[in-house]
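Hi everyone, thanks for coming. I'll put the sequence and the structure up on the screen, and then we'll walk through a few spots together.

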Amino acid sequence: MQADMGMASEARPRHVPVLLEETLAALAPVAGGRYLDGTVGLGGHAQAILEAAPESRLCGLDRDTEALELARERLAPFGERVRLFHRRYSEFAGALEELGWDFVNGALIDIGVSSLQLDEAERGFSFLGDGPLDMRMDAASVERSAWHWVNRESFASLKECISTLGEEPQAGRIARAIVDARQKTPIETTAQLAALVEQAYPPAWRAKARRHPATRTFQALRMAVNDELGELERFLDGILAWLPLGGRLVVITFHSLEDRMVKHAMRHWAEGCRCPRHVPVCRCGHVPEVRLLAKKPLIAQAEEVVANPRASSAKLRAVEKIAEAPRTESLEGRA
């Protein structure tokens, strides 16, 4: 997720992506290395990696065709050192195989919704503007949009989505308000949905809310539409086998569920013996596959948050590979 818009066109200003210095320090790109940016976005992190490591090469992926074209423009000065693919980041293995790469020295994913998506009302991601209920990161895909979730899913499904992915305590009231409203007329726009959610909030809650009442509901629907937790799980399942010894993985999240998933995966990789506690002597022979580069996630400094409030929820976790793991099948080959 680009924390703010940055693009090659002189008509649009460039801005530094979130946690840039921390990302470069954790990734530690080396001259001549191979790097994967699974969420290339507008190319800010990718540009910094290529500039920091002469003769390095980068494979960049993104689901958003508009962002991908802007990244292509921004990264054009690096020529053949950059290859960009219109793919989900969980499909990284297919892209690397197409390039003939059998490893990457470092991998980065910066997950969440981009400023480009949030700032364009017609993409339907934000309740701050009025647009169609879309929320697909790949607007050209055949995936079900937020309109389907709002107008077709059952009360139980909506409540579960908003409660789990949005961590919204008023999920039941909101789901009921949506179901009742759509029985009269379909809910077509982000403004309609935001107003429904706001009215579903108890007056006392609305008075005390520090954020718009629709914030968590929109977040939950976006995550469901784009299968964001599934994407992350599939990526984490496969990426470690593509790193050589000394290779590094950097993950930036903006949501507590995603951060928790990354934390648990990295700590699991870093474990030694996995025998039951009652076994007095290790029998599994398992050794740590990675070392954690920091015990706690790195967060944006106050100066960055002031300049870019969207960085306030960013958390960076990183590992370095210290033991070999078996290569799994290409993720694209999975059912």
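Which element gives the most to the lining of the second largest cavity? Have a look while I say one thing up front: this is a predicted model.

Okay, it's helix 13, which gives three residues to that lining. Let's stay with this cavity for a moment. A search of the whole structure turns up two cavities of 30 Å³ or more, and the second largest holds about 60 Å³ of space. Around the second largest cavity you'll find Lys 263, Met 266, Arg 267, Leu 292, Ala 294, Lys 295, Arg 317 and Ala 318. Helix 13 (256-270) and strand 8 (315-321) are the elements that each give two or more residues to this lining. Sort the lining by class and you get four nonpolar residues, four charged ones and no polar ones.

As a bit of background, an α-helix has 3.6 residues a turn, so residues three or four places apart point the same way.

Now take the loop between strand 5 (248-253) and helix 13, where His 255 sits. Is His 255 buried or exposed? It's buried, because its relative accessible area is 7%, and the cut-off for buried is under 20%. Here's something to try on the screen: find His 255 and Gln 219, which are 36 residues apart in sequence, and check that their C-alpha atoms are 9.2 Å apart in space.

Next, pockets. The second largest pocket has a volume of about 310 Å³. Helix 10 (203-208) and helix 11 (215-225) are the elements that give two or more residues to its lining. Among the residues that line this pocket are Glu 168, Pro 169, Tyr 201, Trp 205, Lys 208, His 212 and Arg 216. By class, the lining of this pocket has five nonpolar, two polar and five charged residues.

That brings us to aromatic rings. How many aromatic pairs does a search of the whole structure find? Four. In one of them, Tyr 89 and Phe 235 have ring centres 5.4 Å apart and planes at 75°, so we call the pair edge-to-face. Tyr 89 is in the loop between strand 3 (82-86) and helix 4 (92-99), while Phe 235 is in helix 12 (residues 228-239), so this pair ties together parts that are 146 residues apart in sequence. Both Tyr 89 and Phe 235 are buried. Another pair is made by Tyr 201 and Trp 205, again edge-to-face, with 6.1 Å from centre to centre and 85° between the planes.

You've met those last two already, since Tyr 201 and Trp 205 are both in the lining of the second largest pocket. Tyr 201 counts as buried because its relative accessibility is 7%. Trp 205, on the other hand, has a relative accessible area of 36%, so it is partly exposed.

There's an aromatic cluster too, formed by Tyr 89, Phe 92, Phe 235 and Trp 242. And one more ring to point at: Arg 176 lies over the face of Phe 155, 4.3 Å from the ring centre.

Let's move to helix 2. Why do we say helix 2 is largely enclosed by the rest of the structure? Because seven of its nine residues are buried. The buried ones are Gly 44, His 45, Ala 46, Gln 47, Ala 48, Ile 49 and Leu 50. Zoom in on His 45, which belongs to helix 2 (residues 44-52). Its relative accessible area is 3%, so His 45 is buried. A polar atom of the His 45 side chain lies 2.9 Å from the backbone oxygen of Val 18.

Last stop, backbone angles. Glu 55 isn't a glycine, yet its phi is positive, near 65°. You'll find Glu 55 in the loop between helix 2 and strand 2 (57-62), and with 61% relative accessibility it counts as exposed. Glu 167 also has a positive phi without being a glycine, at about 50°. Look for Glu 167 in the loop between helix 7 (155-164) and helix 8 (171-182). Glu 167 counts as partly exposed, because its relative accessibility is 35%.

That's my tour, so over to you for questions.

Terms used: Residues are numbered from 1 along each chain as its sequence is written. This is a predicted model: local features need pLDDT of at least 70, side-chain atom pairs count only at pLDDT 80 or more; totals for chains, interfaces and linings use all residues. Side-chain values use heavy atoms; hydrogens and water are left out. On a 1 Å grid over the protein atoms alone, a cavity is a set of points where a 1.4 Å probe fits but cannot get out, and a pocket is an open set with protein on both sides within 12 Å along at least five of seven lines; lining residues have an atom within 4 Å of a point. Grid points are joined across faces, edges and corners, and a volume is the space filled by probe spheres set on the points. Helices (H or I, at least four residues) and strands (E, at least two) are DSSP runs, numbered from the N terminus. Ala, Val, Leu, Ile, Met, Phe, Trp, Tyr, Cys and Pro count as nonpolar, Asp, Glu, Lys and Arg as charged, and the others, Gly among them, as polar. Rings of Phe, Tyr and Trp (its six-membered ring) pair if their centres lie within 6.5 Å; planes under 30 degrees apart count as stacked, over 60 as edge-to-face and the rest as tilted. Buried means under 20% relative accessible area, exposed over 50%, partly exposed in between (1.4 Å probe, protein chains only). A charge sits over a ring if NZ of Lys or CZ of Arg is within 6 Å of the ring centre and within 35 degrees of the ring normal. A polar contact is a pair of N or O atoms within 3.5 Å; within protein, one must be able to donate a hydrogen and the other to accept it, and residues adjacent in sequence count only if both atoms are side-chain atoms.
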